[in-house]
Amino acid sequence: MDVKLGELPNWAATRDFTPNGILSAVRRGHDRFYNKYINVKRGGIGGVAMLLTGYVVLSYIWEYDHIKHDRWRKYH
């Protein structure tokens with residue numbers, strides 16, 4: 001978390017980019033998110049709202065070409 005911009009290439013070279021390494025990184029990220037926002041004693045709507053917002057943004061990005069073409073149609 002404390003990587004300086006000049007140290008970024010050396011830091012990236014030490015990462016594990018094998019399929020198991022990427023899978024374990026995704027799993028660690030999920031566990032960190034779950035333990036910080038979902039699995040708490042006095043939880044709020046913040047964690048679920050972030051997941052929902054992320055889903056909405058990704059859906060919009062994936063469908064943007066279709067939405068853009070519909071915008072230019074006048075009567076069809």
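**Group meeting: a surface patch and a pocket**

Leu 51 is found in helix 3, a helix here being a DSSP run of H or I with at least four residues, numbered from the N terminus. Before going on, I should say that this is a predicted model, in which local features need pLDDT of at least 70, side-chain atom pairs count only at pLDDT 80 or more, and totals for chains, interfaces and linings use all residues. Residues are numbered from 1 along each chain as its sequence is written, and side-chain values use heavy atoms, with hydrogens and water left out.

On confidence, pLDDT being the predictor's confidence in each residue, from 0 to 100, the protein chain has a mean of 84, and 84% of its residues reach 70 or more. Among the elements, helix 2 has the highest mean pLDDT, 91, while helix 4 (residues 64–72) has the lowest, 69.

Turning to the pocket lining, helix 2, residues 19–38, gives the largest share of the lining of the largest pocket, with seven residues.

Helix 2 also matters for the nonpolar patch, to which helix 2 and helix 3 (46–62) each supply at least two residues. A pocket is an open set of 1 Å grid points where a 1.4 Å probe fits, with protein on both sides within 12 Å along at least five of seven lines, and lining residues have an atom within 4 Å of a point.
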